[in-house]
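Ready for a few exercises? Take a look at the structure below, then work through the tasks one at a time.

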Amino acid sequence: MASPEAPSHSQISLSTMPKHNSGRSKSSSLFSECFLYAAAASAAFLIVWALWSFFVPAGPSTTNPSYPKGLVASGAEDVAPLKCSDGNAGPSRNYDPPDPTFYDDPELSYTIEKTTKNWDEKRRDWLRKHPSFIAGASDRILMLTGSQAKPCKNPIGDHLLLRFFKNKVDYCRIHGYDYFYNMVLLQPKMFSFWAKMPAVKAAMLAHPEVEWIWWVDSDAAFTDMDFKLPLDRYKAHNLVVHGWPHLIYEKKSWTGLNAGVFLMRNCQWSMDFMEEWANMGPQSPDYDKWGEIQRTTFKDKVFPESDDQTGLAYLLLKEKQKWGQKIYMEGQYYFEGYWMEIVGTFDNITDMYLGIEKREKKLRRRHAEKVSESYAKMWEEYLKDAGYGRGSWRRPFITHFTGCQPCSGDHNQMYSGQSCWDAMQIALNFADNQVLRKYGFVRPDLLDTSTVLPVPFDFPAPA
């Protein structure tokens with residue numbers, strides 16, 4: 001029997017579609033550079049503070065691969081392009097030719113300590129011997145994330161991590177990406193935020209068929225399930241991070257970038273870069289020395305330990321010629337964004353999107369999840385004036401819950417634990433509604449995870 005409190009299908013309308021009573025004010029679109037700098041400093045400090053006790057999980061190559069055609073590795077520009085396999089069967093997962101590959105080399109090591117050489121040539125050779133994987137290789141992505149091996153201390157921590165995991169799986173399924181979730185320290189001494197590096201190297205070796213490894217921290221959620229990375233923008237680069245060049249090069253601030261989400265090309269340049277980056281980590285005999293160097297270089301760094309984010313900023317600042325030309329600092333959209341400036345905007349964003357759907361019948365059409373990308377392209381015509389990032393009414397791409405510590409519960413004291421948990425619930429439900437809509441249901445209240453209602457045909461058609 002239906003509950004008398006539950007609204008009927010016909011009651012779903014613009015006024016009852018996903019809302020929450022957060023009481024947050026809308027973010028202003030006008031912020032001074034001074035405010036932006038302070039916000040960046042606060043957010044970046046929270047990143048390191050939050051991850052310190054929570055596992056999320058040298059000379060460079062003389063040539064830097066830009067892979068403009070997707071399959072020409074560095075140092076191999078004179079090699080004839082690979083030819084696609086005949087037919088349209090797609091990658092063959094049930095046959096591995098007997099021809100020897102780099103996997104048959106007993107000297108191959110997946111560990112971060114041992115140098116990997118000639119990776120471009122080895123990866124290229126593997127693709128030649130597995131031609132069914134060549135088509136689409138230049139845009140192929142593996143998403144990578146992780147968390148600690150043991151149960152969470154926070155009573156709801158495991159549930160939250162499961163929801164963050166589901167969120168990433170949903171995004172990868174919609175866009176056809178592979179996904180790997182790591183729950184062990186592949187280098188026991190590389191704890192906390194340093195744990196990602198051994199995992200990234202191992203993933204590169206395990207997946208020679210992918211062009212990009214996309215690391216996303218476990219406490220980051222996709223909040224625009226339609227948006228795709230603009231890979232063409234990065235074709236001449238090997239590493240993409242969220243950052244602001246003037247904060248690195250002019251202000252000399254360690255908060256000028258965020259290392260919790262990054263896109264790294266599967267190539268020799270990346271192997272060399274990670275080796276140098278990882279040399280600042282806790283497994284290195286120079287770990288304490290690097291902490292001192294980082295604090296001396298970046299005066300706004302307040303804690304003594306060497307961390308991955310400041311290490312990356314250091315390599316950009318001090319070795320720009322060596323590395324900087326191949327690193328893209330993305331600041332034109334929410335490659336990842338601080339949750340406190342984002343979550344309060346979801347109500348307005350929902351209203352704006354529903355208003356567009358109400359006017360445009362083609363956007364209301366029900367469709368299979370498999371063809372979602374075609375509708376995402378259709379939406380772009382109506383989002384061209386929405387803007388990106390702060391002050392925009394476009395859905396934020398990734399919302400990052402730095403400082404909330406969902407597993408341990410040891411959140412930063414500048415806000416309450418309840419504000420963290422509520423904000424996570426709102427953001428995850430905001431994202432999940434975009435998924436559930438394809439299945440014919442939606443949550444009317446973003447603070448009520450359990451209640452969903454069927455979506456009427458042609459919703460939200462004008463009355």
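**Exercise 1: a small sheet**

Find out how β4 pairs with strand β9, and then place both strands in their sheet.

*Solution.* Start with the pair itself. Over three bridges, β4 and strand β9 (residues 398–400) run in the antiparallel sense. Next, pick out a bridge: Phe222 has Ile398 in β9 as its partner. Keep in mind that you're looking at a predicted model. Now step back to the whole sheet, which is open, has three strands in the order β4-β9-β8, and mixes its pairing. Last, look at the edges: these are β4 (220–222) and β8 (337–338), and each of them pairs on one side only.

**Exercise 2: the sheet of six strands**

Work out the strand order of the open sheet of six strands, and explain why β2 and β7 each have one side without a neighbour in the sheet.

*Solution.* Step one is to read off the order, β2-β1-β3-β6-β5-β7, again with mixed pairing. Step two is the edges: β2 (178–182) and β7 (327–330) sit there with a single partner strand each, so one side of each has no neighbour in the sheet. Step three is the twist, which averages 25 degrees from one strand to the next.

Now zoom in on one pair. Strand β1 (residues 141–146) and strand β3 (residues 212–216) run parallel and are joined by four bridges. Across from Met143 you'll find Trp214 in β3.

Finally, see what lies across the sheet's strands. Helix α8 (residues 308–318) crosses over β5 (239–243), β6 (257–265) and β7, at about 70 degrees to β6.

**Exercise 3: two helices that meet**

Describe how α11 and α13 are placed relative to each other, and say which residues meet.

*Solution.* What do you need for a pair like this? Two packed helices are described by the angle between their axes and the distance between the axes. Here the axes of α11 and α13 come within 11 Å and cross at roughly 100 degrees. Angles from 65 to 115 degrees count as roughly perpendicular, so α11 is roughly perpendicular to α13. Then list the residues: Tyr353, Ile356 and Glu357 in α11 meet Trp379, Tyr382 and Leu383 in α13. Sorted by class, that contact has five nonpolar residues, no polar ones and one charged one.

**Exercise 4: the largest pocket**

Which elements give two or more residues to the lining of the largest pocket, and which one gives the most?

*Solution.* First get a feel for the pocket: it holds about 590 Å³ of space. It is lined by 29 residues, and Glu357, Arg395, Gln434, Arg437 and Lys438 lie nearest its centre. The elements giving two or more residues to that lining are α11 (346–359), α12 (361–364), α13 (372–383) and α14 (417–436). Of these, α11 gives the most, with five residues. To finish, sort the lining by class: 14 nonpolar, six polar and nine charged residues.

**Exercise 5: two backbone details**

Locate Pro460 and Ser192, and say what the backbone does at each place.

*Solution.* Pro460 is in the segment after β11 (453–454). The peptide bond leading from Phe459 to Pro460 is cis, with omega near -5 degrees. Ser192 is in the loop between β2 and α4 (196–206). Although Ser192 isn't a glycine, it has a positive phi of about 50 degrees.

Methods. Residues are numbered from 1 along each chain as its sequence is written. This is a predicted model: local features need pLDDT of at least 70, side-chain atom pairs count only at pLDDT 80 or more; totals for chains, interfaces and linings use all residues. Side-chain values use heavy atoms; hydrogens and water are left out. On a 1 Å grid over the protein atoms alone, a cavity is a set of points where a 1.4 Å probe fits but cannot get out, and a pocket is an open set with protein on both sides within 12 Å along at least five of seven lines; lining residues have an atom within 4 Å of a point. Grid points are joined across faces, edges and corners, and a volume is the space filled by probe spheres set on the points. Ala, Val, Leu, Ile, Met, Phe, Trp, Tyr, Cys and Pro count as nonpolar, Asp, Glu, Lys and Arg as charged, and the others, Gly among them, as polar. Two strands pair if DSSP finds at least two bridges between them. Axes are lines fitted to C-alpha atoms, for helices over the stretch in contact, and angles run from 0 to 180 degrees between N-to-C directions. Contact means heavy atoms within 4.5 Å. Angles under 35 degrees count as roughly parallel, over 145 as roughly antiparallel, 65 to 115 as roughly perpendicular and the rest as oblique.
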